[in-house]
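Please open the model in your viewer and keep the sequence beside it. The tour below goes from one selection to the next and says what is there at each stop.

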Amino acid sequence: MKSKHAPAAAGTPDPYFPTSGDHRYRVHRYELTLDYQPGPNRLGGKARLSAVANAALEEFALDLAEFRIGRVLVDGKAAARYTHRGGKLRIRPAKALAAGAAFTVEVHYAGNPRPVRSPWGGLGWEELTEGALVASQPIGAPSWFPCNDRPADKATYQIEVTTPSPFTVLAGGRLLTRTTRASSTTWVYEQSAPTSPYLVTVSIGHYRPVPVAARPAVPQTGYVPDRLVPAFTRDFARQPEMMAYFGEVFGPYPFGEYAVVIADEELDVPVEAQGVATFGTNHLGGGWERERLIAHELAHQWFGNSVTIADWRHIWLNEGFAKYAEWLWSEHAGGPVAASHALAAHRLLAGLPQDLVLADPGRKLMFDDRLYQRGGLAVHALRLALGEQPFFAMLRGWAELNRHGVVGTADLVAHAARYTATPLGPLFEAWLERPELPQL
């Protein structure tokens, strides 16, 4: 019998964003070649996608915002026909694709990138006073490149960006080359780990690279405006210790490097991407509220980025574990223990409306602060039910067994059951499937 909290099947649309993505094929590699002029905010791009058809395809669709299309090629040949409207680039190849067939699609496009409209404001490419950044969760990736915008459709990426030489370009992954010609510089990054489209990022600005630690096990670099380097160095001094601790409790860091960008503007919230976290100037200044954000964004590299949700109903798996990582770090670092944070969160939620179902909150409530708090509480309740040693074994096993994979709530329920002889059904039903707040 299929759980009602199982992920959407590979052949079905995302329940919260049914018009995003095309489930009839999957992409395994993107190669993006971009030229960006910050002054006029002009982006010229060529995207080459290597994909496999899940079914026989006479046509297929990419998600792409309002750019001018130059040409579209499928397997190196001009597409028989394409249309581009409403954020969808629909392509009909000259020859239909057979089920299981590998194919490539190449799109040449240009225009002025701007955020995709959403219930949470603009998402994706954001022009800054000096440069740009990308913050795409959940549906902002089409603001700057054509993609199959489904969290479960993870691929590797090569990103090449050419921009005027005074600017620094950061993208997720390893910097392969940096080449300066005349007044422009081309940066080429390779992200070899499977990555969801919403977790692909680029930051362009006047940044100084700042090593976070002398010889860390995981290379950690800050990209920081000159005037903010002292504040960054002070505020992020404990990040290497955080990285080491999370490596112990969650398993080895899942990527090759970790970068932190301090954008030279205030941002509503920090934003995670694959191997990168972006903070605003307002997130500097020290104190627990800022330190917990550093822990939260770092934890997302395990929970959300490496272990990725199959569809957006399961977002609590990202945010609940990242919230609990804040509490674990506090406990480890000599602050209040996780139980104290859990009690405070429980008191907070007890005074708020109880109309959120954690395992399926609905699109309207998927970023509600109650989801974060209740998600952390659900993880803490699981810790209390399992006991210390089984809980931490379960936690590490969850991150390691699903490394670079795709999961749903039903997968966690099945995974946790392996660590106890006590039935966990009543606990999960109370915390995940009912809106009423259980006793802690």
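**A guided tour of the side chains**

Begin by selecting Tyr-30, which is buried, with a relative accessible area of 0%; buried means under 20% relative accessible area, exposed means over 50%, and partly exposed is in between, with a 1.4 Å probe and protein chains only. This is a predicted model, in which local features need pLDDT of at least 70 and side-chain atom pairs count only at pLDDT 80 or more, while totals for chains, interfaces and linings use all residues. Residues are numbered from 1 along each chain as its sequence is written, and side-chain values use heavy atoms, with hydrogens and water left out.

Aromatic pairs come next: rings of Phe, Tyr and Trp (its six-membered ring) pair if their centres lie within 6.5 Å, and planes under 30 degrees apart count as stacked, over 60 as edge-to-face and the rest as tilted. By this rule there are 29 aromatic pairs. Add Phe-145 to your selection, and you have an edge-to-face pair with Tyr-30, at 5.6 Å centre to centre and 90 degrees between the planes. The pair links distant parts of the chain, since Tyr-30 is in strand β1 (residues 25-37) and Phe-145 is in the loop between β10 (131-135) and β11 (155-164), 115 residues apart; helices (H or I, at least four residues) and strands (E, at least two) are DSSP runs, numbered from the N terminus. Phe-145 is also buried, with a relative accessible area of 0%.

Now move to the largest nonpolar core, which has 81 residues, and select Phe-246, Phe-250, Ile-262, Trp-302 and Trp-316, those with the most contacts inside it. Such a core is a set of buried Ala, Val, Leu, Ile, Met, Phe, Trp, Tyr and Cys residues joined through side-chain atoms within 4.5 Å. Helix α4 (residues 316-332) gives the largest share of this core, 9 residues. A second, separate core of 60 residues includes Ala-53, Ile-91, Val-169 and Val-276.

Finally, look for salt bridges, of which the structure holds 21; each is a side-chain nitrogen of Lys or Arg within 4 Å of a carboxyl oxygen of Asp or Glu. Select Arg-208 and Asp-226, whose closest N and O atoms are 2.9 Å apart. Arg-208 lies in strand β16 (residues 208-211) and Asp-226 in the loop between β17 (220-224) and α1, so the pair ties together parts that are 18 residues apart in sequence. At 39% relative accessibility, Arg-208 counts as partly exposed.
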